[in-house]
Amino acid sequence: MTFDELGLAPEVLKAVAETGYTVPTPIQAQAIPHVLAGRDVLGIAQTGTGKTASFTLPMIDKLSRGRAKARMPRSLILEPTRELAAQVAENFETYGKYNKLSMALLIGGVSFGDQEKKLDRGVDVLIATPGRLLDHCGRGKVLLTGVQIFVIDEADRMLDMGFIPDIEEICKKLPFTRQTLFFSATMPPEIQRLTDTFLHNPERIEVARPSSTGATITQVLVKTTRDGKRDVLQRMIEEDNVKNAIIFCNRKRDVSVLERALSKSGLSAGAIHGDLDQSTRTKTLDGFRKGTIRLLVASDVAARGLDIPDVSHVFNYDVPSHAEDYVHRIGRTGRAGKSGTAVTLATREDGKYLAAIEKLIGNPIPAAKEEALAVPQEAAPEASAETCDEEPKEEKRSRGRRGGRGRKDKTEAAETPKAEAADSDAAAERSEEHTQPEPVKAEERPARRERGGRGRERDDDRPVVGLGDHVPAFILRAVKLPKKTKDIDEELEAEAEDA
Ligand code: AMP
């Protein structure tokens, strides 16, 4: 099938042809004709499937007929993060270059003034994050009664971030007769409930299992220790094969610490997480896209859905505690037909989380040979003898009735739901979207736990077995470290004392 067969207008087809795309992806082939015909669509698809163009292309086509009135946008697209909103805006610019559509982007971290001026002139396409949109509505600067096409993108991530009440409020402001396009990578019960309420007799299109990982990605599991992690990471990065990489940490503060440590050891690194202001985030992302920043240390929320076509490596500096995040993280590499490598650094405390990931993806993650990694002895005395799932008996006993992980380190405080919310990127992102930041209450984020995250543990204690095959050569080669972690730690401590 070609794009010409989908019923799109010549202007849109010309813009598509200029991007070099000739064959529509499955979600595009299936969704575009229905969107053009005015049907509601429920798209179960993750990023990387071409889902953005599956709604932007027919929207441009439909909106090219008609004119926008002041403060009354003709279409509305809700995105969970600013980066995704900006990415969708880029799509409209690329594919809409031969159509004169006006567009406004309402995202946190950008001044209200410029956004209001655009709204006053009237916009065809309004792309927004939920909190910021509600702020504008509250100020009487935007009326949603003229919205003909409504898109909710990444609905499951909206759920994770506590945006559902905001979305429900926004929906009340929309006209009853409208076309709704709803996209989600997964369909937990809360999302199913929303689709039952928001969508009218939708065309359901499912293009890939949410747990599927790209075939172009070589996955590797590296067993290490908490203290040895940074050395192992630097060791791998120092190899030529790592052209550029996104390095994921579970917590915002670890993103900052790791970025500073990498920079101090002479590596080109930048950080992105929800506590950073928008201009810093945009600048860092631009630098990474252009190649002036080689390593992007990131949190899940800030990097969610980022479309950077040429990322050679993804490192999970921390094993994600929500298995689905693993799929999303490693999907940042191996895009657009290119090959990529996803390395997961795991300590023995991560066994349960690894087991959940492997259950989700349906395969064990091939393990690198431990001795080949040469974790420095002083940093990791027990690393070579442990599998990730084996905990010392002491620690296992200390779990007691809580059923938790029994960690006794400094991160424990952050693992109670309340503290987690305070440190969570989603919480920061959500409150930043509003003018008056409000803390996210733990009870506002029930979805993660219900969806098999932190609270749900695997039934069996099957050890995680790596295959040991397909280990990239760069992992097996010994390299010199530019600087020892210990020295960097000392410098960081000194820096903190000075501050
Ligand atoms: P998305 O799932 O919307 O994040 O898109 C993932 C990537 O696929 C983006 O880099 C798009 O530019 C690219 N893409 C979208 N449509 C096509 C297509 N028909 N053929 C090849 N690549 C595409």
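This report walks through the ligand site, two sheets and a few buried spots of the structure above.

A word on ground rules: the model is predicted, local features need pLDDT of at least 70, side-chain atom pairs count only at pLDDT 80 or more, and totals for chains, interfaces and linings use all residues. Numbering starts from 1 along each chain as its sequence is written, and side-chain values use heavy atoms, with hydrogens and water left out.

**The ligand site**

Let's start with the ligand, which has 14 residues around it. Here, a residue is near a molecule if one of its heavy atoms lies within 4 Å of it. Tyr21, Gly48, Gly50, Thr52 and Asp307 come nearest. Three of these residues have N or O atoms that sit by oxygen atoms of the ligand, as listed here.

| Residue | Part of the residue | Distance to a ligand oxygen atom |
|---|---|---|
| Tyr21 | side-chain N or O atom | 2.5 Å |
| Gly50 | backbone N or O atom | 2.7 Å |
| Thr52 | polar side-chain atom | 2.5 Å |

On its own, the ligand exposes 500 Å², and the protein buries 78% of that. These areas come from the Shrake-Rupley method with a 1.4 Å probe. As for the make-up of the shell, it has four nonpolar, seven polar and three charged residues. In that count, Ala, Val, Leu, Ile, Met, Phe, Trp, Tyr, Cys and Pro are nonpolar, Asp, Glu, Lys and Arg are charged, and the others, Gly among them, are polar.

**Two open sheets**

Helices (H or I, at least four residues) and strands (E, at least two) are DSSP runs, numbered from the N terminus. Strands pair if DSSP finds at least two bridges between them.

One open sheet has seven strands in the order E3-E4-E2-E5-E6-E1-E7, with parallel pairing. Its edges are E3 (103-106) and E7 (203-206), each pairing on one side only. Neighbouring strands here are turned by 10° against each other on average, direction ignored; axes are lines fitted to C-alpha atoms, and angles run from 0 to 180 degrees between N-to-C directions. Inside this sheet, E2 (residues 75-78) and E4 (residues 125-128) run parallel and are joined by four bridges. Leu76 stands opposite Leu126 in E4.

The other open sheet is built from six strands, ordered E8-E13-E12-E9-E11-E10, again with parallel pairing. Strands E8 (217-223) and E10 (269-272) form the edges and pair on one side only. From one strand to the next, the twist averages 20°. At the E10 end, four bridges link E10 to E11 (residues 295-298), and the two run parallel. Ile272 stands opposite Ala298 in E11.

**Buried spots**

"Buried" here means under 20% relative accessible area, "exposed" over 50%, and "partly exposed" in between (1.4 Å probe, protein chains only). Helix H6 (residues 130-138) has eight of its nine residues buried, so the rest of the structure largely encloses it. Among the buried ones are Arg132, Asp135 and His136. After H6 comes Gly140, with a positive phi near 70°.

Arg157, in helix H7 (residues 155-160), is buried too, because its relative accessible area is 1%. The side chain of Arg157 makes a polar contact of 2.8 Å with that of Asp325. A polar contact is a pair of N or O atoms within 3.5 Å; within protein, one must be able to donate a hydrogen and the other to accept it, and residues adjacent in sequence count only if both atoms are side-chain atoms.

Finally, Pro366 lies in the loop between helix H15 (351-361) and helix H16 (370-373). Pro366 counts as buried, with a relative accessible area of 14%. Its C-alpha atom is 5.2 Å from that of Val220, although the two residues are 146 residues apart along the chain.
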